[in-house]
Amino acid sequence: MISRWNMLTALVLLSGCATTDATGGDPHLAISVINTGAQPISCKVLFGHWVDHDLGPIAPGAAVSLDARQQPKDGALYVERSDGQRKMMIENIACARDN
């Protein structure tokens, strides 16, 4: 069983420097997951409608980033679906020790 301490070894940071693209779209944000623990971890971005995206293993001291956008109206974070037709709303980022 994974202890809460091991699950909390990941630190998620949202960039304070949101930028808007030239088309005037929603601001871009960099989401970084940093493994501050001594063991490798694996993380997944959980979207609405039971969809997830694996961020892969993250070694101790390493980080992985995800480019997201933020809706100004309600602050919701999302990434564009690969076909550009829908916003994939980010519900959570889950990390656990990689065994």
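## A tour from strand E3 to the core

Begin by selecting cysteine 43, which stands opposite glycine 56 in E4; strands (E, at least two residues) and helices (H or I, at least four) are DSSP runs, numbered from the N terminus. What you have open is a predicted model, in which local features need pLDDT of at least 70 and side-chain atom pairs count only at pLDDT 80 or more, while totals for chains, interfaces and linings use all residues. Residues are numbered from 1 along each chain as its sequence is written, and side-chain values use heavy atoms, leaving out hydrogens and water.

Next, select E3 together with E4: the two run antiparallel and are joined by seven bridges, where pairing requires that DSSP finds at least two bridges between two strands. They form a hairpin with three residues between them, and histidine 49 in the turn has a positive phi of about 65 degrees.

Now add E7, which pairs with E3 in the antiparallel sense over seven bridges, and look for isoleucine 41 opposite arginine 97.

Show the side chains of E3, where Ile41, Cys43, Val45 and Phe47 point to one face and are buried, while Ser42, Lys44 and Leu46 point to the other and are not. Buried means under 20% relative accessible area, exposed over 50%, and partly exposed in between (1.4 Å probe, protein chains only).

Finally, move to valine 79, which touches Phe47, Leu66, Asp67, Ala68, Arg86, Lys87, Met88 and Ile90, not counting residues up to four places away in sequence; contact means heavy atoms within 4.5 Å.
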